[in-house]
Structures are given as structure tokens and as C-alpha cells.
Amino acid sequence: MKSPLVGFAGMTHLGLVSGSALAGRGFEVVCYDSDAALIARLARRDWPVLEPGLDGLILANGARQRFTSARDELSSCDIVYVARDVPTDDQGRTKLSGLTALIRDVAGVMNSEAVLVVLSQVPPGYTRGLGLWPPERLFYQVETLVFGQAVERAMKPERIIVGCADPAASLEPRFRAVLAAFDCSILPMRYESAELAKISINCCLVASVTVSNTLAELCERIGADWSEIAPALRLDRRIGAHAYLTPGLGIAGGNLERDLATVESLSEAYGTESGLIVAALRNSRYRRDWPLRQLHARVLSRVAHPVIAVLGVTYKENTQSIKNSPAVALIEQLVGCRITVFDPAVRPLQQWHPHLTVADDALACCEGADALVIMTPWPQFRSLRASELGRRMRGRVVIDPACVLDRAAAAGAGLEHVALGAPSPAQAET
Amino acid sequence: MTLSHAHDEPRNPARVVVLGASGFIGRRLLEACARRGIAAVGLASRDLDLADAVAAGALADRLRAHDVLVFLAALTPDKGRDSGTLMRNLAMARAVCEATRGVPIAQLVYASSDAVYSFATTLISEETPAAATDLYGAMHRLRELMLASEAKAPLAILRLTAIYGAGDTHNSYGPNRFLRQALSEGRIALFGNGEETRDHLYVADAVALILEVVTRGSTGLLNLATGTSATFRAVADMIAAYSGRPVAIAPSTRHNPVTHRHFDISNLLRAFPDVRFTSLAEGLAATFAGVRADTRG
């Protein structure tokens, strides 16, 4: 069997990374998007997404990977992945109309014997309900990319979950050949199971983070230290070495919110119990305000018109996404303050705050600040020296949710350093 | 429905009308208005019985267009806990609703209570469902619903936690009662060992926040609390220390389960980022000073 020609439709983050990974596994890949300007940008290697390793991967792929806005080029593909990221609204609800339209467009030009794979994030029932491709050649494949680690996860998946019309039947040979190139377990199952598997993965992660948030908050109050507890949990094989046990500032980025909204919506429609999801969302909203509460208690209630330095605006490191970013929410709430901001990947917007100054680098951002809030744990922030921060800042308060700075060094520099899950340093009596 | 402001900066309204003017908060609010140069009129029950059948018309006659009406008046549990008291309180709310339908006031600020919340939820925010378990809490919740659906004015609902300070007219369990007991009996009686935690808001801070809501033209829902709760035992110990005389703390056999209440004040901090709260220690000290001054006066 000759090596299949594979098409990817939709050059958002998912399609671009997944298509590049497949080309990296040696396949010839056609990367299609109807947006000619986007394709031109990709052809110039001006990537619209920030992912470590993506540039090197595409460069190494060479002529195996080509970008096009000509939909007809998909007609020669043996397999076409529809891989456009599905947008969500502010409530995390999925907007599928664009994806469905894309699938129709692509199906309209595909070779009738080709394989169609839906890689985009869809709710259970979507693939079976499409009705516009022969089911024996229609598959749903679960994507498990993580922003900031997407290339590695696309190149080396832990397993591949495939939704099929008939899980007992052998996978279509060309499709199997593509999946086999990743040298990992392939798990065929019915469409709905695969669609829900994707959501289930995220729900388990959310549950783990919510537990961590809940217990980390207790640590802050009772003098325990979550950083001492988490390693002990990871050594319990029922929990696991890679468990998501890092407390955070709530769910952001869009993907987790989308899947929680889907579960809530399905639960309401089918009358199943979904208190866990409601609780996770409530915990997320509550934790998001942790920096505001800390800032108020330690600075805003004591200093008139303080200068607040904010490091990081993206919702996580190694990404350009500010979707549901706690940092942006915090900046917008600090009315009456002056804000200086620095982010290594995204230029902060003036519209977020009437008194916002964009700094050129992290240290410049901290100059003269009454408080520093490290909202995104970019790796480069870990090299900041507490003693240098202490010299540059006017105030002593450092709110560091992810504990980017060394706590002992911060204390040694006379800083009032606060981190999620860490025992709170004493506050001066008001 | 969290709080939103009509004005980016505080501005004095044309006039403030306070219902419940002789009450603990009402008196302080009128004093604060005077200090800030805000024209204000206070109406107490002796001026206008809101539960009376003709109260709506009488109130409407006293209101002017563009007034801000602060509705503090209520028959509190010490005045009655029965359904008769409930119905009188609801009649008062109905009168306010009817009066506002006839006069285009600028804003209606309703002082509700955290009694609308059940103790089944310990950490309270504005998202916490109202689930009153007694007639007093139900009264406030019903009033909120009545005002929201029938009053014709931009509405701010403020759910107040326990308020304390000198000049309190109630004798509710907590700082106010403990202080009276300490001074008059040299003894503070606790339920159980005073393990329950509650959020206590100093009256001057409550008044300051109400004035912020008034001068910003705010509408929506907000819990007024400090975000820091203390046990009744801790409060009793502080009061005993401030009293300047030996005070016995007297625990008792517990008949009801321990309940706790804490507030997530994130929405309040978003609405008023530079809010400052008087600490319990400072507030109790000021209360003592106020009570002693009142006694001497």
C-alpha cells in the first residue's frame, strides 16, 4: 500500500499542530484553510500560534507539508482530517456551525473513497449525526493536545482513541497505517464513547485540580504546605505520578470550560446528577479571585492609588492565549490603581485599564511597584532574583500564585511572599 | 446580578430619604449624609407607619423625583418572630413598591440581610442561593422579590451581615449583647463554647458602603461583610479584655449544632476596590468608647 496522502482542513492551533506532527511522522500532508491570508502567513513561517518546537518541526518537514487555500487540493487525499478548533462563547458553550459548514465543504470535494476524520472537539452524538459520509469511512479521533506542550503531545501521543461506526470492525487500512506510525495503543470504540472520552479526560483533570485547589486553600489557612503534600500523593499509585495536583487560579483557556459546559448541558437534558461540575465551576470562579483578595488584604486596603506590577497576561505559559485569562480579569478590576504589565508573548492592551503602562521587561515592570503579582509562570520569570525585586520595588508584597520565586529567598529579601497552597505570611495588623 | 455603577465617580444625589431613620444604621446614615453635605430626610415609624393601609400614599407624598430612597425599616426578630410580624414587614414593602410607582425616584437601596441564606452553605457569595429557614430570613427574601418585581426604580439590594457598634438598638447574640452583659453583669453567656464563626461589620463601615452605593448610583446585589469571620468566643474574649473589669465567660450546654458563616467578598472588592474595614479589635474598642461616652452623657 502506498503511503496515504493526508489532508488537514482548518489551520487553527489543532489543525496546524496535528498536521505538522503527521508530516513529522513521514507522511505527505496537505494543510488547507479557506483563509488565503492565513495560508500566506503560514507559507512565510509566520505562525499564528506559539508552540515550542513547532517552527523546527515544520522546517524539518520540508516539502512533505504544504499549505493551500485551494480546497480542491483535498480531492487527491486518501484521508482528510477536519481539525478546526471549535470556538466557545463566554459561558463555554460550543459553536459548531462553522465546523459543520467546513465538513460539508470538505466532503464536497473529497474523493468518494477517502476517509474522513473529525478531530475537532465535538459533543457526543455529533459524528453519528453528520450523515454525510459513509460510516465505514467516517471516524472521530480524540485530540489530547495541551497548549504549550502540543507538539510533543502530537508527536508522541500516549494512546489514540478512535470513534467508529462499528468498533468491532477492522480500521480502514489507510487510516490504520497513519495511526500505527505513532507507535502507541489504538483504542477503537463507538463514536459517542470517543466523543465523551475526550470530555471525560478533561473532567478528570478538572476534578483533580479542584481537589488540589480546595485542599491548597486549607493549607493556606491552617499552616500546612501543599508543596509538601503533593509529592506524597503522586507516590500513591492510585493517584499517580503525573496527576494534576498543582493548584491554580481557576479554569481558563476555553477547552476545559467547553467540556464542563457540555456535561452540564447534557446532564440537564437527561436529568443526571452534575453537582460535581457545578462545584468545579464555582471553585474555579472563587479561585480566580484569589489574587484580588490577597491584593486587597495586603495592599489595596492600606495604600492609596498603589502601583501594581503584573507579570504575565496569558492564561498559561508558553501560549499566546488570553482566553478567560485571570490576569486580564485582575487588571480590569484594579480600578484606582496604576498598573505596569509585562508579558513575553502578548502585548497588553491599553483598553484593559485606564492607567496601564507596558514595560519592556520583567524587572522594569517591577520598578517602584507597591506590589508585584506574577500571574503567569513563564519560565523566564523563575530567574528573577528576589533580592533584585526587593531593591526595585517600593512595597514588599509579592503575590505569586504558582510560586515562581523561591520562597526562602523571597523571605530573605524581606518580601511578603504569598503563593497558592503555602502557609500565609503574617499580615501587619490594620 | 452583581453590582454595577451608574456613575464612574461618586456624586451626591439630589436628596436621600431614609426609611428607618431612628434605627441603629438609619441614624448613622443620616449623620454621614450631613457630614458629606448630602441633603437627607429621615422617616421613622412615628413619622410614617409603613405598615399602615394608607402608607403608600403618605410615602409618595413625601418623595420627590430623583430622590434616593434607602429602605432600612424592618421589624427585627426582637420585635417579633411570628407570622404577624412577617405580614407587617411585607405590608411595609408593599407600601414602598406602590409609592415608587407614582414618583420617579433615582434609586432604591434595600438593606436586606444575610438571614436569607441557609447555614447549609458555609462560604457565602452573591451566587449562593437564597434559602431562608426562618420567617425573618424569608421576610427579607420576599421583600427583595417584591421590590425587584413591583418597585419602579433602579434597585440595589444589600445583604448585610451582623452589624455592631455603639448605639445598637437590638440585643442580638454577638458583640452588642456581649458588651451589654459585660458592662452590666460582668459576665458573657455563650451558646456552647462560642465555637460558631460569624462576620461582624462595624456600623461605620456599613454606613460608608451604603453611601458608596448611593453616590455611585449602584444597582444589583451585594453582600456587605468584611470577609473575615471570628468565633463568638474570640469576640467575647476581646470584649472582656476591653471592659476594664473582671468579666466571666460562661459557656453553656449546646442544644443546637455549631454553624459557621464566612463571606467571599470578591464582588464587593470588585465594586469598591479601595474599601477599608475596621478590624474587629478596633471596632470593639470604638464601640466601648462610644458606650462609655453615652453612659456618661
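This tour of a predicted model visits its cavities, one helix and two backbone outliers.

**Cavities**

Start with the whole structure. A search finds 4 cavities of 30 Å³ or more. The largest has a volume of about 260 Å³. To centre on that cavity, select Leu119(A), Gln141(A), Val142(A), Ala154(A) and Pro157(A), which lie nearest its centre among 19 lining residues. Next, colour α1 (13-24), α6 (150-155) and β7 (159-164) of chain A: these are the elements that give two or more residues to the lining. By class, the lining has 13 nonpolar, 3 polar and 3 charged residues.

Move on to the second largest cavity, with about 60 Å³ of space. Select His13(A), Leu14(A), Asp85(A), Gln121(A), Glu143(A), Leu145(A), Val146(A), Phe147(A) and Asn255(A) to show its lining. These divide into 4 nonpolar, 3 polar and 2 charged.

**A helix in chain B**

Select α2 of chain B, residues 55-62. Which of its residues are buried? They are Ala55(B), Ala56(B) and Leu59(B). Look down the axis of α2(B): the buried residues fall within an arc of 100 degrees, so they line one face of the helix. Now show what covers them, including β1 (15-19), β2 (40-43) and α3 (83-102) of chain B.

**Two positive phi values**

Most residues other than glycine have a negative phi. Return to chain A for two with a positive value.

Select His305(A), in the loop between α12 (290-300) and β9 (307-311). Its phi is about 50 degrees. At 57% relative accessibility, His305(A) is exposed.

Finish at Asn318(A), in the loop between β9 and α13 (326-333). Phi of Asn318(A) is near 60 degrees. Asn318(A) is partly exposed, at 24% relative accessibility.

Methods
Residues are numbered from 1 along each chain as its sequence is written. Chains are lettered from A and ligands numbered from 1 in the order in which they are written. This is a predicted model: local features need pLDDT of at least 70, side-chain atom pairs count only at pLDDT 80 or more; totals for chains, interfaces and linings use all residues. Side-chain values use heavy atoms; hydrogens and water are left out. Helices (H or I, at least four residues) and strands (E, at least two) are DSSP runs, numbered from the N terminus. Buried means under 20% relative accessible area, exposed over 50%, partly exposed in between (1.4 Å probe, protein chains only). The arc is that of the directions from the helix axis to the C-beta atoms. Contact means heavy atoms within 4.5 Å. On a 1 Å grid over the protein atoms alone, a cavity is a set of points where a 1.4 Å probe fits but cannot get out, and a pocket is an open set with protein on both sides within 12 Å along at least five of seven lines; lining residues have an atom within 4 Å of a point. Grid points are joined across faces, edges and corners, and a volume is the space filled by probe spheres set on the points. Ala, Val, Leu, Ile, Met, Phe, Trp, Tyr, Cys and Pro count as nonpolar, Asp, Glu, Lys and Arg as charged, and the others, Gly among them, as polar.
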